[in-house]
Amino acid sequence: MQNFLDSLNKEQADDFTRHTSSLDDQEWQTLLNQFITHANEEELLGLEANIADNSVDYCRHELNQPPQDLDELEKKFSSVTIPELPVDIGTHVQHLSKDIFRQVIPVSSPTFVGHMTSALPRHLPTLGKVLMALNQNVVKLETSHVLTVLERQVLGMMHKLVYNCDDTFYKQWLHSGEHALATFCSGGTVANLTAMWACRNQLMPANGDFAGLSREGLARGLNHYGYNGLAILVSELGHYSLKKTIDVLGLGQDALISVEADKDGRICIDALLMQLQHLRQRNIKPMAIVGIAGTTETGSIDPLNTLADIAEQEQCHFHVDAAWGGSSLLSARHQYLFKGIERADTVAIDAHKQMYVPMGAGMVLFRQPTLTEAIAQHANYIVRKGSKDLGRHTLEGSRSAMSLMLYSNFHLLGRQGFAHLIDASIEKARQFANLIRQQDDFELISEPQLCLLTYRYAPALVRQLLRKGSASVQQKLHDALNALNQSIQTMQWSTGKCFVSRTCLKPVQWDRQPTVVLRVVLANPLTTQEILENMLEEQRQLAQQSLFWEALQNLMHD
């Protein structure tokens with residue numbers, strides 16, 4: 001302690017002593033040890049080995065139980081008082097293990113097929129620990145250095161995957177300080193927002209006595225350019241992040257134009273053209289047309305080439321939300337599904353979906369790097385003009401170097417490895433779709449285009465009555481089926497063995513009535529056909545245990 005004080009000048013030492021007078025030497029050393037030693041190393045390493053080094057087995061065994069009731073959890077975590085004194089680290093490790101980590105969701109389990117999360121390659125937890133220890137911040141070169149250069153390279157790889165420009169292009173733009181080929185962010189929501197932010201600012205540049213939208217604001221821009229408003233058009237299956245985007249950008253919720261989707265979940269071109277005609281009649285400028293390359297609910301892919309043609313005719317921005325499907329570009333077998341994506345002005349992709357990296361790795365790619373001029377920001381103390389700081393072109397400021405995770409996967413899995421994983425997941429979805437067709441009491445709702453599909457529990461007799469019964473009987477049956485499928489999903493979640501998600505679609509085959517469906521994502525390479533068969537059987541049994549089963553039976557026999 002005295003050695004530490006000796007290193008300070010008198011003013012610093014007095015100030016330090018004043019603020020630490022309540023700690024004796026031993027207590028201060030104990031506090032310092034939190035930064036420089038492994039106190040109770042065995043407990044910490046045991047926790048790490050049990051979870052980080054073996055996450056799949058941990059999910060299979062330790063978490064193979066019903067989740068604790070939310071009310072009970074809230075009671076355990078109800079105190080809002082910050083602990084005054086440190087607790088013993090061994091005690092805290094036991095608390096983490098028992099009360100927190102054993103209550104998390106087993107997203108790495110092969111029976112957890114309801115969402116985007118999957119088992120991760122075994123090298124990533126170790127790499128994540130290293131990355132956390134180094135605590136780099138890629139907002140600025142001064143806090144990241146080589147990781148800034150690495151992130152630009154990874155973004156260049158992604159840009160080439162989508163746009164496939166020549167070597168001359170990448171030599172010019174890859175490490176350009178003034179522009180960016182792409183930016184990393186926390187996920188698809190921020191990626192979509194960033195793309196539309198750049199689109200909006202570029203749409204109303206400086207002109208005459210108008211200094212540009214980014215300087216003078218939206219109202220002045222609309223007045224200067226003579227528009228009654230702006231609009232973004234997207235399929236009715238567009239991600240809800242676009243609602244946030246249009247709100248944040250100040251356009252108003254009504255400026256997001258939802259366009260009807262067809263029976264395959266793709267945007268209806270005739271309906272899109274009609275909406276564009278309505279906008280022209282009202283002198284509202286279509287700011288952007290958004291194509292979806294893998295809808296969140298069904299995995300459907302819009303006709304991107306056709307949308308690109310329409311965007312060119314309308315002279316508006318073409319954005320592709322490929323947060324779900326973009327990873328499948330790594331598969332030579334399935335690249336054809338995305339024809340036209342290379343014509344998009346911007347593309348959003350999430351690496352934490354099927355590029356098998358941890359949560360928090362989204363990207364937005366710019367076909368023309370100069371588009372980033374529309375959103376470039378500077379600050380003398382951190383992202384100086386003319387620097388190569390990544391923070392100059394990102395909505396978020398401080399960020400961890402998640403690009404290192406994708407960089408390692410590119411090298412340790414390779415493009416062919418990714419292709420095998422993606423091809424296997426799509427084939428698994430097709431096999432599961434065939435399995436559902438073979439069941440008399442299940443109905444496939446959406447055909448898999450990628451590794452997503454939807455279905456529901458609906459006995460054959462009920463489906464017959466839905467087509468032939470009276471209008472009142474049809475509606476009662478429809479409502480009963482919705483309640484039953486919602487109950488099945490909730491009950492299966494509560495058992496803790498398997499998990500599927502659910503959503504509400506408007507299937508064309510059922511006259512676009514709101515229909516509750518079960519949804520699976522088959523991205524986890526450890527999920528087997530046997531697991532899926534057992535999951536269906538459990539859902540069948542849960543249906544017959546549901547409170548809504550008797551009501552459905554009565555309707556069937558009336």
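This briefing walks through the pockets, helices and loop residues of the structure above. The model is a predicted one. Its largest pocket holds about 1400 Å³ of space, and there are four cavities of 30 Å³ or more in the structure. After those spaces come two helices, H7 and H19, and then a handful of residues in loops, among them Tyr356 and Asp389.

**The largest pocket**

- Let us start with the open space: the largest pocket has a volume of about 1400 Å³.
- A total of 41 residues line this pocket, and those closest to its centre are Ala52, Pro125, Gly128, Lys129 and Met132.
- Three elements each give two or more residues to the lining: helix H4 (41-51), helix H5 (55-61) and helix H8 (123-134).
- Among the contributors, H8 gives the most, with eight residues.
- Sorted by class, the lining of the largest pocket is made of 26 nonpolar, 11 polar and four charged residues.
- Domain 1 (1-11 + 22-106) and domain 2 (137-399) each provide at least three residues of this lining.

**Between H4 and H5**

- The loop between H4 and H5 is where you will find Asn54.
- Asn54 has a relative accessibility of 27%, so this residue counts as partly exposed.
- To get a sense of distance, look from Asn54 to Glu151: their C-alpha atoms are separated by 28 Å, and the two residues are 97 apart along the chain.

**The second largest cavity**

- Turning to enclosed space, the structure has four cavities of 30 Å³ or more, and the second largest cavity has a volume of about 50 Å³.
- Its lining is formed by Glu151, Arg152, Leu155, Ala180, Ala182, Thr183, Phe184, Leu390, His393, Thr394 and Arg399.
- At least two of these lining residues come from helix H9 (146-163), and at least two from strand E1 (182-185).
- By class, the lining of the second largest cavity has five nonpolar, three polar and three charged residues.
- One of the lining residues is Arg152, which sits in helix H9.
- Arg152 has a relative accessible area of 5%, so this residue is buried.
- Between the C-alpha atoms of Arg152 and His317 there are 24 Å, while 165 residues separate the pair along the chain.

**Helix H7**

- Helix H7 covers residues 89-100, which makes 12 residues.
- From its first C-alpha to its last, H7 reaches 15 Å, close to the 16 Å expected at 1.5 Å a residue.
- At the start of H7, Asp88 places a side-chain oxygen within 3.1 Å of the backbone nitrogen of Gly90.
- Gly90 is also buried, as are Ile89, Val93, Leu96, Ser97 and Asp99 of H7.

**Helix H19**

- Helix H19 (residues 471-495) has 25 residues and should span 36 Å at 1.5 Å a residue; because its end C-alpha atoms are 36 Å apart, the two values agree.
- Its buried residues are Leu477, His478, Ala480, Leu481, Asn482, Leu484, Asn485, Ser487, Ile488, Gln489 and Gln492.
- As background, an α-helix has 3.6 residues a turn, so residues three or four places apart point the same way.
- Just after H19 comes Gly496, with a positive phi near 80°.

**Loop residues with positive phi**

- Tyr356 has a phi near 60°, which is a positive value in a residue other than glycine.
- You can find Tyr356 in the loop between strand E6 (346-350) and strand E7 (362-366).
- With a relative accessibility of 3%, under the 20% cut-off, Tyr356 counts as buried.
- Arg512 is not a glycine either, and its phi is likewise positive, near 60°.
- The loop that holds Arg512 lies between strand E10 (501-505) and strand E11 (515-521).
- Arg512 counts as partly exposed because its relative accessibility is 25%.

**A buried polar contact**

- Asp389 belongs to the loop between E7 and helix H17 (403-437).
- With a relative accessible area of 1%, Asp389 is buried.
- The side chains of Asp389 and Lys140 are joined by a polar contact of 3.0 Å.

Technical notes:
Residues numbered from 1 in each chain as written. Predicted model: local features only at pLDDT ≥ 70, side-chain atom pairs only at ≥ 80, totals over all residues. Heavy atoms only, no water. 1 Å grid on protein atoms, 1.4 Å probe; cavity = no way out; pocket = protein on both sides within 12 Å on 5 of 7 lines; lining within 4 Å. Points joined across faces, edges and corners; volume = space filled by probe spheres on them. Helix = DSSP H or I, 4+ residues; strand = E, 2+ residues; numbered from the N terminus. Nonpolar A, V, L, I, M, F, W, Y, C, P; charged D, E, K, R; others polar. Domains from an automatic or database assignment. Expected span 1.5 Å × (residues − 1). Buried < 20%, exposed > 50% of the residue type's maximum accessible area, 1.4 Å probe, protein only. Polar contact = N/O pair within 3.5 Å; in protein donor to acceptor, adjacent residues only side chain to side chain.
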